[in-house]
Amino acid sequence: MPHTYIVGYWGCVFLDGKERRTRWRADTVPVGARVGALVSGDGSGDLRIFVDGTLVVHAEGALQEHLCGPGPVELFPVVDVFAATLSVQLQALAAAPAPPWGDDVSPPGSPTGSLVSMSPSTRG
């Protein structure tokens, strides 16, 4: 589907028709964890996924081309947690964790501008 961005589907991230792999897997999210999605409002179009305030996926510029058009853009983020989730509760007006988020940590060999996801050992 055009203009669709999905994170968490068995270690995959789908960015407007392009599939990328990520080390983060939604089926490893512990009971009671808070999962959040953040699209940067600074024009970069970065997409970040947090679990309990820790950055687990960072897709640099994932939505940049869609945010640069005229007028506001309506976004519908999806974090796929179906594999291990029994219930979900949406939090109205949830706040993003305060930066810094550790964006400078990336898997070895990740080129600039690529999908960045961190394993538990690199999150500190």
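**Core, strand pairing and side-chain contacts in the predicted model**

The largest nonpolar core comprises 15 residues, and Val7, Leu15, Trp24, Leu47 and Val57 have the most contacts inside it. At least two residues of this core are supplied by each of four strands, namely S1 (5–7), S2 (12–15), S5 (47–51) and S6 (54–59). The model in which this core is described is a predicted one.

The secondary structure of the chain amounts to 1 helix and 8 strands. Read from the N terminus, the elements follow the order β-β-β-β-β-β-α-β-β. The chain has 124 residues, of which 31% count as buried. Among contacts between residues at least 6 apart in sequence, 47% join residues at least 24 apart.

The pairing of the N-terminal strands was examined next. Strands S1 and S2 pair in the antiparallel sense over 3 bridges, and within this pairing Tyr5 stands opposite Leu15 in S2. Leu15 is also among the residues with the most contacts inside the largest nonpolar core. The two strands form a hairpin with 4 residues between them. Gly8, in the turn of this hairpin, has a positive phi of about 110 degrees.

Strand S2 also pairs with strand S3 (residues 18–21), again in the antiparallel sense, over 4 bridges. Here Phe14 has Glu19 in S3 as its bridge partner. S2 and S3 likewise form a hairpin, with 2 residues between the strands. In the turn of this second hairpin, Asp16 has a positive phi of about 50 degrees. In a regular strand, side chains alternate between the two faces of the sheet.

The segment before S1 contains Pro2. Pro2 counts as exposed because its relative accessibility is 65%, above the cut-off of 50%. The C-alpha atoms of Pro2 and Leu15 are separated by 9.2 Å, the two residues being 13 residues apart along the chain.

After S3, the chain enters the loop that leads to strand S4 (35–39), and Thr22 is placed in this loop. Thr22 has a relative accessibility of 9% and therefore counts as buried. A polar atom of the Thr22 side chain lies 3.3 Å from the backbone nitrogen of Trp24. Trp24 is in turn one of the residues with the most contacts inside the largest nonpolar core.

The loop between S4 and S5 holds Gly41. With a relative accessible area of 84%, Gly41 is exposed. Gly41 and Leu67 lie 8.8 Å apart in space, C-alpha to C-alpha, while being 26 residues apart in sequence.

Charged side chains were considered separately. The structure holds 1 salt bridge, formed by Asp46 and Arg48, with the closest N and O atoms 3.5 Å apart. The side chains of Arg48 and Asp46 also make a polar contact at 3.5 Å. Arg48 is located in strand S5, the strand that spans residues 47–51 and supplies at least two residues of the nonpolar core. Both partners of the salt bridge are buried: the relative accessibility is 11% for Asp46 and 6% for Arg48. Each of these values falls under the 20% cut-off, so the two residues count as buried.

Aromatic side chains were treated in the same way. The structure holds 1 aromatic pair, which consists of Phe50 and Trp101 in an edge-to-face arrangement, with 5.6 Å from centre to centre and 70 degrees between the planes. Phe50 belongs to strand S5, whereas Trp101 lies in the loop between strand S7 (78–79) and strand S8 (115–117), so the pair ties together parts that are 51 residues apart in sequence. The accessibility of the two rings' residues was also computed. Phe50 counts as buried, with a relative accessibility of 5%. Trp101 is partly exposed because its relative accessible area is 21%, and the buried class requires a value under 20%.

Strand S5 thus recurs in several of these results. S5 supplies at least two residues of the largest nonpolar core, contains Arg48, and includes Phe50, a member of the aromatic pair.

Conventions:
Residues numbered from 1 in each chain as written. Predicted model: local features only at pLDDT ≥ 70, side-chain atom pairs only at ≥ 80, totals over all residues. Heavy atoms only, no water. Core = buried A, V, L, I, M, F, W, Y, C linked by side-chain atoms within 4.5 Å. Buried < 20%, exposed > 50% of the residue type's maximum accessible area, 1.4 Å probe, protein only. Pairing = 2+ DSSP bridges. Salt bridge = Lys/Arg side-chain N within 4 Å of Asp/Glu carboxyl O. Phe/Tyr/Trp six-rings, centres within 6.5 Å; stacked < 30°, edge-to-face > 60°. Polar contact = N/O pair within 3.5 Å; in protein donor to acceptor, adjacent residues only side chain to side chain. Contact = heavy atoms within 4.5 Å.
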